[in-house]
Amino acid sequence: MFLKNEFLQNSMVLQLIQNENFDLISINKEQTEYLLERKRKNKKDVVHISMNQMDWKRELLSFNKHLENSYTKHQATTIWKKNIHFHHVYVVDYQPVDSWEELKETSSNRMKSSVYMLDIDSREEEIERLIRALDLALSFQTDVSEDLMELEQRNVNLKQNILFEHTKQQQQLQQLFKQGKPFWTYLLLAINIVMYILLEFNGGIYLNKKFDRIWCQV
């Protein structure tokens, strides 16, 4: 079951990046936890896709709140902090033991939070809810091969493709910063350098002549 969950998770992540213009902003070492974002008009969708099994509602709530607080503190600008919709997607074997349904849709201060439990029993239904919430023009593949070796290799390929897309996004971002260096900053630097050279040159001549006169008097 782990390989099937892993395949669903990674195929979802790759499709969101390639087909729905999501940026992958965070990924853990094992590639079992992803954080993606997409700006739409005056709002931002933040999708957290995880294979972390949550046994209790309290645990689920605590983990989600910690992630949301961390994101708004380090990632979101003031403009976006009140226009964020968090989507916590858990690809798991089973749902929390106690009732967690009240966490499906919550909101406070114009920030929204949705939870989706893609367990074996409600996977199709939850995926459809996620597609509607994100207004996606795609569907996610849930029927996968029973051949474990084939499935494992497909997971390896998916992970490699995700890392490739992540690296490409980072390079594009760096290139954008390089191209976006302000023109006026360079202009002011050039003016300062020219002025320094002129002042240094004129001052140098004056000081040298004055020094020669003093030396001659001595």
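Are Y71 and F86 buried or exposed? In this predicted model, both Y71 and F86 are buried, and the two residues form an aromatic pair, the structure holding 1 such pair. The geometry of the pair formed by Y71 and F86 is edge-to-face, with 5.7 Å from centre to centre and 90° between the planes. The pair links distant parts of the chain, since Y71 belongs to helix α2 (residues 57–74) whereas F86 belongs to strand β4 (residues 84–90), the two being 15 residues apart.

The setting of this pair is a protein whose secondary structure comprises 5 helices and 6 strands, arranged along the sequence in the pattern α-β-β-β-α-β-β-β-α-α-α. Of the 218 residues in the protein, 38% are buried. The accessible surface comes to about 14100 Å², and carbon and sulfur atoms account for 56% of that surface. Among the contacts with a separation of 6 or more, 67% are made by residues that stand 24 or more positions apart.

The interior can be described through its nonpolar cores. The largest nonpolar core contains 29 residues, of which L36, I49 and F140 touch the most other members. Two or more residues are given to this core by each of the elements α1 (2–19), β2 (33–40), β3 (43–50), α3 (123–134) and α4 (148–179), and the largest share, 8 residues, comes from α1. When residues up to four places away in sequence are not counted, F140 touches L8, M12, Q15, L16, I127, L130 and I131. A second core, separate from the one just described, consists of 8 residues and includes Y90, V92, W100 and M117.

Two residues in loops call for separate mention on account of their backbone angles. Q31, although not a glycine, has a positive phi of about 60°, and this residue lies in the loop between β1 (23–27) and β2. D135, likewise not a glycine, has a positive phi of about 55° and is placed in the loop between α3 and α4. The surroundings of these residues can be stated in terms of accessibility. Q31 counts as buried because its relative accessibility is 7%, which falls under the limit of 20% used for buried residues. D135, by contrast, counts as exposed because its relative accessibility is 57%, a value over the limit of 50% that is used for exposed residues.

Technical notes:
Residues are numbered from 1 along each chain as its sequence is written. This is a predicted model: local features need pLDDT of at least 70, side-chain atom pairs count only at pLDDT 80 or more; totals for chains, interfaces and linings use all residues. Side-chain values use heavy atoms; hydrogens and water are left out. Helices (H or I, at least four residues) and strands (E, at least two) are DSSP runs, numbered from the N terminus. Buried means under 20% relative accessible area, exposed over 50%, partly exposed in between (1.4 Å probe, protein chains only). Contact means heavy atoms within 4.5 Å. Accessible areas come from the Shrake-Rupley method with a 1.4 Å probe; for residues, only the protein chains shown count as cover. Rings of Phe, Tyr and Trp (its six-membered ring) pair if their centres lie within 6.5 Å; planes under 30 degrees apart count as stacked, over 60 as edge-to-face and the rest as tilted. A nonpolar core is a set of buried Ala, Val, Leu, Ile, Met, Phe, Trp, Tyr and Cys residues joined through side-chain atoms within 4.5 Å.
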